[in-house]
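Student: I would like to learn how to read a structure feature by feature. Please take me through one.

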Amino acid sequence: MAIRREGRWLTAQRSTHCAFEVAPGKFRISLRPGVLVSARAAVAGLTLAEIAAKWGRGLWVDTPNTRMAWDMIGAQADVLGLDALDAVMRSHAGEVPADAAFLVVSA
């Protein structure tokens with residue numbers, strides 16, 4: 001899993017989700033585009049999107065390993081104020097628009 005910072009953007013390696021810094025330390029993240037979040041929450045959101053992308057359909061098979069993955073997702077989702085299932089559904093909801101204008105809204 002890799003989260004990269006490129007200027008004002010945070011991007012994930014396995015996921016199409018991203019975050020944009022609209023003000024110092026305040027981000028809009030594609031998982032929750034209508035909410036400004038902290039840098040910590042933006043990284044948490046991209047991390048859970050990476051975990052969900054890596055596990056894919058395997059998240060729906062009950063094993064000790066998938067329970068551990070759900071626990072990791074849940075910990076990251078808590079930072080965003082989401083529950084684990086909501087976070088996974090948002091991360092799998094589809095493609096992020098190629099035009100990220102929805103993320104760049106004045107605060």
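Tutor: We will go through the fold, the helices, the charged side chains and a few contacts in turn. Keep in mind that this is a predicted model.

Student: How many helices and strands are there, and in what order do the elements run?

Tutor: Start with the list of elements before any detail. The protein has three helices and five strands. Read from the N terminus, their order is β-β-β-β-β-α-α-α.

Student: What share of the residues is buried?

Tutor: The term depends on a cut-off, and buried here means under 20% relative accessible area. Of the 107 residues in the protein, 40% are buried.

Student: Which residues of helix 1 are buried?

Tutor: Take the helix residue by residue and apply that cut-off. The buried residues of helix 1 are Ala41, Ala42, Ala44, Gly45, Leu46, Thr47, Leu48, Ala49, Glu50, Ile51 and Ala52.

Student: What span should helix 1 have, and what does the model give?

Tutor: The test is to compare an expected span with the distance between the end C-alpha atoms. Helix 1 has 17 residues, and at 1.5 Å a residue these should span 24 Å. Its end C-alpha atoms are 24 Å apart, so the two values agree. Just after this helix, Gly56 has a positive phi of about 50°.

Student: Glu50 is in that buried list. What is the nearest side chain of opposite charge to Glu50, and how far away is that side chain?

Tutor: For a buried charge, look for a partner of opposite charge, then for polar atoms around the side chain. Glu50, in helix 1, is buried and has no salt bridge. Its nearest oppositely charged side chain is Arg14, at 4.6 Å. A salt bridge requires the nitrogen and the carboxyl oxygen to be within 4 Å, so Arg14 does not qualify. There is a polar atom of the Glu50 side chain 3.5 Å from the backbone nitrogen of Ala2.

Student: How many salt bridges does a search of the whole structure find?

Tutor: The search finds four. For each one, read the N to O distance together with the accessibility of both partners. Among them is the pair Arg4 and Glu6, whose closest N and O atoms are 3.5 Å apart. Arg4 is partly exposed at 38% relative accessibility, and Glu6 is partly exposed at 46%.

Student: How far apart are the closest N and O atoms of Arg67 and Asp62, and are these residues exposed or partly exposed?

Tutor: Arg67 and Asp62 form a salt bridge with their closest N and O atoms 2.9 Å apart. Arg67 counts as partly exposed at 44%, whereas Asp62 counts as exposed at 63%.

Student: Where do Asp86 and Arg90 sit relative to each other in helix 3?

Tutor: For two partners in one helix, check their spacing along the chain. Asp86 and Arg90 are four residues apart in helix 3, residues 84-91, so about one helical turn separates them. Their side chains meet in a salt bridge of 3.1 Å, N to O. Asp86 is partly exposed at 28% and Arg90 is partly exposed at 30%.

Student: Which residues form the nonpolar patch on the surface?

Tutor: Name the members, then add where they lie. Trp60, Leu85 and Met89 form the patch, and together they have about 330 Å² of accessible area. Trp60 is in the loop between helix 1 and helix 2, and at 47% relative accessibility it counts as partly exposed.

Student: What do C-alpha distances add for residues such as Asp78 and Trp9?

Tutor: They set separation along the chain beside separation in space. Asp78 is in helix 2 and is exposed at 60%. Its C-alpha atom is 8.9 Å from that of Ala44, 34 residues away along the chain. Trp9 lies in strand 2 and is partly exposed at 27%. The C-alpha atoms of Trp9 and Glu21 are 6.4 Å apart, with their positions twelve residues apart along the chain as the separation.

Student: Is Ser15 buried or exposed, and which backbone nitrogen lies 3.0 Å from its side chain?

Tutor: In a loop, check burial and then backbone contacts. Ser15 lies in the loop between strand 2 and strand 3. At 12% relative accessible area Ser15 is buried. A polar atom of its side chain lies 3.0 Å from the backbone nitrogen of His17.

Key: Residues numbered from 1 in each chain as written. Predicted model: local features only at pLDDT ≥ 70, side-chain atom pairs only at ≥ 80, totals over all residues. Heavy atoms only, no water. Buried < 20%, exposed > 50% of the residue type's maximum accessible area, 1.4 Å probe, protein only. Helix = DSSP H or I, 4+ residues; strand = E, 2+ residues; numbered from the N terminus. Patch = residues over 30% accessible without salt bridge, like charges linked within 9 Å, V, L, I, M, F, W, Y side chains within 5 Å. Areas by Shrake-Rupley, 256 points an atom, 1.4 Å probe, with all protein chains shown as cover. Lys, Arg positive; Asp, Glu negative; His and termini not counted. Polar contact = N/O pair within 3.5 Å; in protein donor to acceptor, adjacent residues only side chain to side chain. Expected span 1.5 Å × (residues − 1).
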